[in-house]
Amino acid sequence: MGDLVWIFFSSMVVNNFTLMLFLGLCPFLGVSGKIETALRMGAANTFVLVMTSLAVWVLNTFILSHAPYLRLIAFIIVIASLVQIVEMVIKKLSRALFRALGIYLPLITTNCAILALAIFQTNRDYTLAQGLVFAVGSGGGLALALVLMASIRESVELADVPALAQGTALVLFIAGSLSLAFMGFAGLLSSG
Amino acid sequence: MSQEMSPPPPHPAAHGADGLAERRRAVPPNVDLVKGVWRENPVLIQLLGLCPTLAVTNSVANSVVMGIATFFVLVGSSLLVSTFRRRIPNEVRIATYILIIATFVTIAEFALQALVPGIYKALGPFVALIVVNCIILGRQEAFAGRNPVGRSVLDAVGMGAGFMIALLIMGSVREILGSGTFLGVSLFGPRYEPWVIMVLPPGGFFTLAFVLLTISWWKRRQPALAKAAEPRGLVVAERAA
């Protein structure tokens with residue numbers, strides 16, 4: 001139980017995917033303009049991460065032990081088709097959820113956070129439970145970073161920023177400061 | 001690696017059957033090659049592939065190895081995709097592209113593991129993550145899938161070089177400031193106090209922000225200078241696109 005809690009916090013704040021490991025930067029820079037969209041993107045990401053974690057565990061346990069060199073190709077195919085299936089199922093089951101997540105789901109296929117989760121999970125030999133906790137933790141971390149970024153950007157919109165720094169440069173400065181703040185969590189790891 | 005991949009400049013006769021390509025041959029080969037290096041630089045101008053740009057550039061050696069690996073994958077997939085562009089059904093083209101890219105990444109991963117195990121370890125998951133680098137898929141979709149082999153490879157070489165240049169800029173700034181070294185060679189002597197923050201994650205964000213600021217300042221200064229001497233090559237490229 002203890003190591004599950006540790007995995008959860010480590011993946012959520014200490015080794016935050018976006019701010020510490022630079023994974024999933026495209027949505028972080030692209031769709032972090034509004035808090036609401038950021039929340040939905042975070043939710044969609046977490047959902048796909050959990051599904052991926054499940055699929056990767058099945059792949060690793062039953063199939064890839066026979067052909068380890070196919071790892072990367074198998075992961076990317078499974079993730080791409082999984083996202084497609086999830087999209088179809090959600091569309092059938094819940095129109096409201098589909099409308100909320102709809103446009104973000106296809107984008108997630110090429111999000112490096114998803115493939116990275118699969119690779120980390122394999123490299124660290126996580127069990128099913130550990131993998132799922134890891135997926136929820138990292139999804140939560142992604143959502144946290146997205147929402148923090150969106151709320152800062154919403155306030156900065158009213159500020160008088162020099163024309164030169166507007167756009168991506170400003171977002172990167174904010175991201176750097178957030179990353180700096182998250183470095184404070186590193187202490188949790190060594191003491192815990 | 002780069003030498004054996006780069007083809008001879010495309011010859012008009014080589015694509016005689018390709019009517020469309022023949023008309024487009026008006027584009028001089030150097031335009032395809034050069035645009036990726038600066039004017040359409042994938043990282044600094046198009047802002048694609050930011051994850052590896054920020055994650056692996058804490059030293060020059062890592063940046064160079066990552067740049068070479070991505071270059072190899074990009075040129076190899078462009079070569080293959082443009083060769084088979086008429087046989088790939090339109091509905092499954094993205095899946096096919098990803099499969100081709102994943103194959104080349106697997107090759108690159110094993111090669112790095114064998115040749116430079118230390119750096120391979122430092123790069124961590126980011127070698128495998130070349131698969132989802134948007135620069136590579138973007139070039140297949142936007143260029144290699146609809147252009148002849150020669151032009152696609154030139155385009156890939158240019159874009160790959162542009163990516164390498166961006167990584168090298170980031171890597172140099174971060175290693176020089178963050179460790180006081182360049183490729184491991186000490187620059188300022190023992191009295192230099194390194195800015196450790198530059199090799200840590202926040203340093204990546206700040207360095208890229210400053211690089212982008214410099215570029216936008218440079219571009220803003222540019223129109224006045226450019227108006228005097230509008231390069232003709234760019235106009236040709238625009239018409240072809």
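## A partly exposed pair in chain B

Arg93(B) has a relative accessible area of 24%, so it sits in the partly exposed class. Its salt-bridge partner is Glu141(B), and the closest N and O atoms of the two are 2.8 Å apart. Glu141(B) is partly exposed too, with a relative accessible area of 24%. Keep in mind that this is a predicted model.

In sequence terms the two residues are 48 residues apart, and their bridge links distant parts of the chain. Arg93(B) belongs to helix α6 (residues 93–115) of chain B, while Glu141(B) belongs to helix α8 (residues 134–142) of chain B.

## Buried bridges between α3 and α9 of chain B

Now for some buried charges. Asp32(B) and Arg151(B) make a salt bridge, with 2.7 Å between the closest N and O atoms. Here the pair joins helix α3 (residues 29–35) of chain B to helix α9 (residues 149–179) of chain B, across 119 residues. Asp32(B) has just 2% relative accessibility, so it counts as buried. Arg151(B) is at 7% relative accessibility and therefore also counts as buried, the cut-off being under 20%.

Another bridge runs between Asp155(B) and Lys35(B), where the closest N and O atoms are 2.7 Å apart. Asp155(B) is in helix α9 of chain B and Lys35(B) is in helix α3 of chain B, so this pair ties together parts 120 residues apart in sequence. Asp155(B) is buried at a relative accessible area of 1%, and Lys35(B) is buried at 11%.

## The wider salt-bridge picture

These residues don't work in isolated pairs: Asp32(B), Lys35(B), Arg139(B), Arg151(B) and Asp155(B) are joined into one network by salt bridges that share partners. Over all chains, a search of the whole structure turns up eight salt bridges.

## Two helices crossing in chain A

Over in chain A, helix α3 (residues 35–63) packs against helix α7 (residues 112–123) at an angle of about 40°, and their axes are 9 Å apart. That angle is why α3(A) and α7(A) are described as oblique to each other. Their crossing is right-handed.

On the α3(A) side, the contact is made by Asn45(A), Val48(A), Leu49(A), Thr52(A), Ser53(A), Val56(A), Trp57(A) and Asn60(A). Facing them from α7(A) are Ala113(A), Ile114(A), Leu117(A), Ala118(A), Gln121(A) and Thr122(A). Sorted by class, the contact has eight nonpolar and six polar residues, and no charged ones.

Definitions and conventions. Residues numbered from 1 in each chain as written. Chains lettered and ligands numbered in written order. Predicted model: local features only at pLDDT ≥ 70, side-chain atom pairs only at ≥ 80, totals over all residues. Heavy atoms only, no water. Axes fitted to C-alpha atoms, helices over the stretch in contact; angles between N-to-C directions. Helix = DSSP H or I, 4+ residues; strand = E, 2+ residues; numbered from the N terminus. Parallel < 35°, antiparallel > 145°, perpendicular 65-115°, else oblique. Left-handed = near helix turned anticlockwise from the far one by under 90°. Contact = heavy atoms within 4.5 Å. Nonpolar A, V, L, I, M, F, W, Y, C, P; charged D, E, K, R; others polar. Salt bridge = Lys/Arg side-chain N within 4 Å of Asp/Glu carboxyl O. Buried < 20%, exposed > 50% of the residue type's maximum accessible area, 1.4 Å probe, protein only.
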